[in-house]
Amino acid sequence: GSKQVRASGTIGGNIANGSPIGDTPPLLIALGATLHLRHGDFERNLPLDEFFIAYGKQNRAAGELVWRITVPKLKAIETFRAYKISKRFDQDISALLLALKITRNGDKIVSARLAMGGMAATPKRAAQTEAALQKVDLQNQATWGSAIDALVEDYQPISDMRASAQYRIETAQALLRKALTEIAQDIELRVIKSAEVAA
């Protein structure tokens, strides 16, 4: 962002703005963040992914403020990855953004949270892809295909000045493959290092 944004912009503002291409909401949704809204002395909490209802519409009553955000710490069996695609490195809006958190049992994914920006009218989770990821063995790429293909069921992006719909979906699929590849390589490296220490 620009100096002005870096100096005064806030995560709460990025959420309350409700933009489908804000950078922080997909990351926080994938991480399982809880949003705390406040009006006077009354405070209510909701999962962040339930805050975004439709384009320009949020689950917020008149006078309610985005008060706090709670983000759970990653556990040892969890891994998080996020990627932003934009035309410029700095001061640019996302064409799309992918955020993924997985929970592992060895090489197997047992649960996943995947959220994207720039792919729908709101920052949105990928329910079909999350379900398909639960069948993934990170050390067997033959098991990845159904999860990568499922992104087409979760998102029907539009074409606009930042990217075409086809570019968005193909890039989203490539980013998911990249995330799985990086996580698999990290696991492999940890196994190698553990074996070297044991030796």
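**Exercise 1. The four-stranded sheet**

Which residue stands opposite alanine 99 in β8? Use the predicted model to place this pair within its sheet, and trace the sheet from one edge to the other.

*Solution.*
Step 1. Alanine 115 is the residue of β8 that stands opposite alanine 99. The two strands concerned, β7 and β8, run antiparallel and are joined by nine bridges.
Step 2. The sheet is open and has four strands in the order β6-β7-β8-β9, with antiparallel pairing. Its edge strands, each pairing on one side only, are β6 (78–85) and β9 (124–125).
Step 3. Towards the β6 edge, eight antiparallel bridges pair β6 with strand β7 (residues 96–105). Here threonine 79 has isoleucine 102 in β7 as its bridge partner.
Step 4. Towards the other edge, β8 and β9 pair in the antiparallel sense over two bridges. Methionine 116 finds its bridge partner in lysine 124 of β9.
Step 5. As for burial, seven of the 10 residues of strand β8 (residues 108–117) are buried, and the strand is thus described as mostly covered.

**Exercise 2. The two hairpins**

Identify the turns that link β7 to β8 and β8 to β9, and state which glycine in each has a positive phi.

*Solution.*
Step 1. The hairpin of β7 and β8 has two residues between the strands, and in its turn glycine 106 has a positive phi of about 65°.
Step 2. Six residues lie between the strands in the hairpin of β8 and β9, where glycine 118 takes a positive phi near 80°.
Step 3. Glycine 106 can also be related to a loop elsewhere in the chain: its C-alpha atom is 13 Å from that of asparagine 140, at a sequence separation of 34 residues. Asparagine 140 belongs to the loop between α4 (127–133) and α5 (145–154). Is asparagine 140 buried, partly exposed or exposed? Its relative accessibility is 33%, so asparagine 140 counts as partly exposed; the class lies between the limits of 20% and 50%.

**Exercise 3. The three-stranded sheet**

Give the strand order of the sheet that contains β1, and name its edges.

*Solution.*
Step 1. The order is β2-β1-β5, in an open sheet of three strands with antiparallel pairing.
Step 2. β2 (42–47) and β5 (65–70) are the edge strands, each pairing on one side only. From one strand to the next, the twist averages 25°.
Step 3. Strand β1 (residues 34–39) and β5 run antiparallel and are joined by five bridges. Leucine 37 stands opposite valine 66 in β5.

**Exercise 4. The faces of α5**

Determine how the buried and exposed residues are arranged around α5.

*Solution.*
Step 1. The buried residues in α5 are Ala147, Ile148, Ala150, Leu151 and Asp154.
Step 2. Viewed down the helix axis, the buried residues of α5 fall within an arc of 150°, so they line one face.
Step 3. Asp149 and Glu153 are exposed on the other side of α5.
Step 4. The general principle is that an α-helix has 3.6 residues a turn, so residues three or four places apart point the same way.

**Exercise 5. The chain as a whole**

Assess whether the radius of gyration agrees with that of a compact globule or departs from it.

*Solution.*
Step 1. A compact globule of 199 residues would have a radius of gyration near 16 Å; the chain has 18 Å, which agrees.
Step 2. Along the principal axes, the C-alpha atoms fill a box of roughly 60 × 40 × 35 Å.
Step 3. The chain has six helices and nine strands, and 41% of its 199 residues count as buried.

Note on methods:
Residues are numbered from 1 along each chain as its sequence is written. This is a predicted model: local features need pLDDT of at least 70, side-chain atom pairs count only at pLDDT 80 or more; totals for chains, interfaces and linings use all residues. Side-chain values use heavy atoms; hydrogens and water are left out. Two strands pair if DSSP finds at least two bridges between them. Axes are lines fitted to C-alpha atoms, for helices over the stretch in contact, and angles run from 0 to 180 degrees between N-to-C directions. Buried means under 20% relative accessible area, exposed over 50%, partly exposed in between (1.4 Å probe, protein chains only). The radius of gyration is taken over C-alpha atoms; the globule rule is 2.2 Å times the number of residues to the power 0.38. The arc is that of the directions from the helix axis to the C-beta atoms.
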